[in-house]
Amino acid sequence: MRKRTSRTELDETALRPVTSSGRGFWLVMLPLGLLVLAALFAWGWQIWQGLGSAGYNDQAFWSIYESNLVTFIGVAYGGAVVSAILRLTRTAWRAPITRLAEATALFSLLVGMMFALVHLGRPERIWELVTRPRLSSPIFWDFVAVTTYLVATVIFLYLPLIPDLAALAGRLPAGSRLVAWYRRLSLDWRALPAQRRLLDGAMAVMAVAIIPMAVSVHSVLAWAFALSGRPGWDSSIFAPYFVVAALYSGVALVILVVAGFRQGYRLHAYIGEDHLIHLAYLMVVLDATYLYFTFADLLGEGFSMNNSVVPVMGQLLTGQYAPSFWIWAVGGGLLPLLLVALPWTRRTWGIVTAAALVVAGMWLKRIVIVLPAAAQPMIAGGWGSFHFTWVSITISVGAAAAIPLLMMGFFRMFPVLSVTEIEELAEEPVVRPRAHAAFGLPQEGDEE
Amino acid sequence: MMRSLLFAAVLGALLALSSPALAAPAAGKLTLQSVAAIGQRQPTVQLTARLLGPDGKPVGSQSIEFFVKSDDFGGVQVSLGTVPTDTGGQAKLLYMPRWTGTLAFTAHLIGDGTLAAPPATSSYLAAAAVPAYHMAPAPLSALRFGVAWAVEALAVAVWVMLAAVLIRVVRGLPRLARETEASSHIEGVSG
């Protein structure tokens with residue numbers, strides 16, 4: 001059981017990254033920053049040399065960047081929906097992790113959106129989505145859905161920050177340049193009952209609204225594939241399949257982020273192993289659902305033995321993409337399930353390992369969704385092939401590094417914990433479900 | 001050796017004299033006319049090339065290739081087809097203009113090499129055209145853009161909702177603080 005902490009300790013923990021950054025902070029930021037700079041250089045090189053430098057060709061026209069786009073926007077979806085569901089169900093243990101989940105959603109979405117630009121050989125033409133929209137194109141609706149979701153995610157992150165900003169403005173040194181910004185952004189928050197009602201109402205509206213918005217984003221993303229009519233993508237379950245995949249990988253990333261910040265920012269007093277276990281349960285439910293969807297998708301296509309689908313299925317299950325597919329099935333599907341299901345691996349290390357396997361495995365799964373269907377010959381000739389190049393790898397690694405970089409930069413200015421929410425929930429009586437004991441979770445009075 | 005060389009020279013001379021391809025082609029005359037075709041449902045141009053021999057008489061069974069100059073791809077000559085001349089020396093081709101404006105047609109004599117004639121040109125002012133490319137059937141085309149507009153209206157409604165939530169918070173919180181401050185001030189004064 002985590003020990004109860006005082007308000008002063010809570011403030012100190014939440015404010016520590018804002019008021020002072022230790023050497024460890026810069027030791028992490030520096031390599032992350034270098035990776036992002038390397039990615040920007042590689043992108044510049046790609047614009048100069050063309051998409052061929054990233055391994056693209058006529059027969060592999062969609063590949064790693066689409067996989068990255070789906071992966072990063074997917075994890076963004078997971079972060080926001082986890083937070084929204086925890087808020088709507090008024091889950092008592094949510095308070096220390098909602099801000100991390102919401103920030104994960106925002107920054108992975110920003111990075112994911114960048115891949116729409118990176119994929120374009122002529123990125124300056126992105127404006128033609130606005131100036132020359134084609135209403136029947138899923139790409140246009142993707143653009144509409146993602147930008148709407150971005151605005152919603154920013155509001156969803158901002159609203160719970162308001163009380164904390166007001167509290168922080170009073171606790172930071174008066175000369176601090178952040179104080180003026182905190183005061184402005186806190187909207188004269190005085191914790192009045194009427195203000196609390198207004199803010200709670202707005203947060204409830206946002207928590208409800210962001211779930212269908214997130215579903216729409218990933219559905220539209222799936223339709224960009226499914227409506228193409230290309231064998232391998234032309235599947236009626238692609239939209240819910242993508243939505244579940246997004247939730248699954250999103251919860252896994254939230255686990256990694258929560259575990260990482262818990263360790264790096266010394267938040268053990270507020271985020272315990274039980275938080276990770278709760279999130280892990282959510283992850284394995286989604287894992288099982290995703291495995292079922294995969295089975296249903298493959299069974300439907302494989303059983304019908306449609307001539308146009310058979311070559312794709314062959315490449316995926318026994319051909320050149322089979323190693324990637326089966327690595328995902330075992331590493332990204334079954335192993336995480338076991339790591340969380342077995343009591344002796346249901347510890348922090350086991351859950352973090354499972355989450356890391358899920359994030360990496362789901363990226364690989366997106367590759368095997370995108371590439372075989374794109375590379376199959378539709379008219380004549382042999383199969384296309386995509387070769388990873390230093391350009392596409394550097395951009396992808398840099399993008400992955402950008403998420404923790406942006407999050408650490410954000411939490412250099414804003415509190416990493418939702419201080420007001422933690423306090424409010426600490427005052428409420430804690431009701432633990434019976435399942436808590438049945439699954440061997442820590443109980444009141446247990447020593448951690 | 002000498003006999004072999006002599007034999008080869010004689011054989012070569014005989015072959016050269018007997019081959020009509022190596023003989024200089026006779027000078028013919030090719031003309032081209034382009035007029036609007038009558039009785040066609042789509043806007044159509046009737047191209048008529050006429051080939052005359054050196055004696056001014058029509059020449060039949062000679063291939064004529066027709067071209068139109070395209071503004072695309074840097075102004076290339078696009079082949080429209082090859083038609084043999086009839087007994088009246090005429091080769092006719094019906095062409096549906098792909099764009100409006102002045103069209104520049106050219107007819108080239110391909111023939112069998114017995115006749116040579118410089119290309120003939122003709123221009124035609126097309127007031128109507130038939131586009132070369134047709135849009136593929138749009139998804140849900142039976143519903144036309146009704147679905148797209150409905151979804152667009154939904155997207156606009158979501159944006160309005162987001163703006164309303166934000167405006168309500170941004171304006172409401174400071175207002176509530178001011179009202180509370182004012183009421184506590186009044187209470188303080190009256191107290």
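**Exercise 1. Find the partners of F67(B): which residue of β5(B) is its bridge partner, and which residue of β7(B)?**

Start on the β5(B) side: in this predicted model, F67(B) has S79(B) as its bridge partner there. Then turn to β7(B), where the bridge partner of F67(B) is T106(B).

Next, put those pairs into their strands. F67(B) belongs to β4(B), residues 63-69. β4(B) pairs with β5(B), residues 77-84, in the antiparallel sense through seven bridges. With β7(B), residues 101-109, β4(B) is again antiparallel, this time over five bridges. One step back along β4(B), F66(B) sits opposite G81(B) of β5(B).

**Exercise 2. Sort the residues of β4(B): which face is covered and which uncovered?**

Begin with the general pattern: side chains in a regular strand alternate between the two faces of the sheet. Now read off the residues. I64(B), F66(B) and V68(B) make up the covered face. On the uncovered face you get S63(B), E65(B), F67(B) and K69(B).

**Exercise 3. Work out the strand order of the sheet that holds β4(B), and say which strands are at the edges.**

The order is β5-β4-β7-β9 in chain B, an open sheet of four strands with antiparallel pairing. The edges are β5 and β9 (120-126), each pairing on one side only. From one strand to the next, the twist averages 25 degrees.

**Exercise 4. Do the same for the open sheet of three strands in chain B.**

Here the order reads β2-β3-β6, and the pairing is antiparallel. β2 (29-36) and β6 (90-95) are the edge strands, each paired on one side only. The twist averages 15 degrees from one strand to the next. For the link between β3(B), residues 45-52, and β6(B), count six bridges, with the strands running antiparallel. As a landmark, T48(B) stands opposite K92(B) in β6(B).

**Exercise 5. Check the lengths of two helices of chain A, α4(A) and α9(A), against 1.5 Å a residue.**

Take α4(A) to begin with. Its 24 residues should span 34 Å, and the end C-alpha atoms lie 36 Å apart, which agrees. Now α9(A), residues 238-264: 27 residues should span 39 Å, and the ends are 38 Å apart, so that agrees as well. Just after α9(A) comes R266(A), with a positive phi near 50 degrees.

**Exercise 6. Are these two helices largely enclosed or not, and why?**

Use the cut-off for burial: 20 or more other C-beta atoms within 10 Å of a residue's own. For α4(A), 20 of the 24 residues are buried, so the helix is largely enclosed by the rest of the structure. For α9(A), the count is 21 of 27, so the rest of the structure largely encloses that helix too.

**Exercise 7. Describe how α4(A) packs on α14(A).**

Geometry comes before residues: two packed helices are described by the angle between their axes and the distance between the axes. For α4(A) (residues 95-118) and α14(A) (residues 390-410), the angle is about 145 degrees and the axes are 9 Å apart. The crossing is right-handed.

Now the residues. α4(A) brings A103(A), F107(A), S108(A), V111(A), M114(A) and V118(A). They meet I395(A), A399(A), A402(A), I403(A), L406(A), M407(A) and F410(A) of α14(A). By type, the contact holds twelve nonpolar residues, one polar and no charged.

**Exercise 8. How many residues does each chain put into the contact between chains A and B?**

Chain B gives 20 residues and chain A gives 23. Split the chain B side by type, and you have 17 nonpolar, two polar and one charged.

How values were computed: Residues are numbered from 1 along each chain as its sequence is written. Chains are lettered from A and ligands numbered from 1 in the order in which they are written. This is a predicted model: local features need pLDDT of at least 70, side-chain atom pairs count only at pLDDT 80 or more; totals for chains, interfaces and linings use all residues. Axes are lines fitted to C-alpha atoms, for helices over the stretch in contact, and angles run from 0 to 180 degrees between N-to-C directions. A crossing is left-handed if the near helix is turned anticlockwise from the far one by less than a right angle, and right-handed if clockwise. Two residues are in contact if their C-beta atoms, placed from the backbone, lie within 7 Å. Ala, Val, Leu, Ile, Met, Phe, Trp, Tyr, Cys and Pro count as nonpolar, Asp, Glu, Lys and Arg as charged, and the others, Gly among them, as polar. The expected span of a helix is 1.5 Å times one less than its number of residues. A residue is buried if 20 or more other C-beta atoms lie within 10 Å of its own, exposed if 12 or fewer, and partly exposed in between; C-beta atoms are placed from the backbone. Two strands pair if DSSP finds at least two bridges between them.
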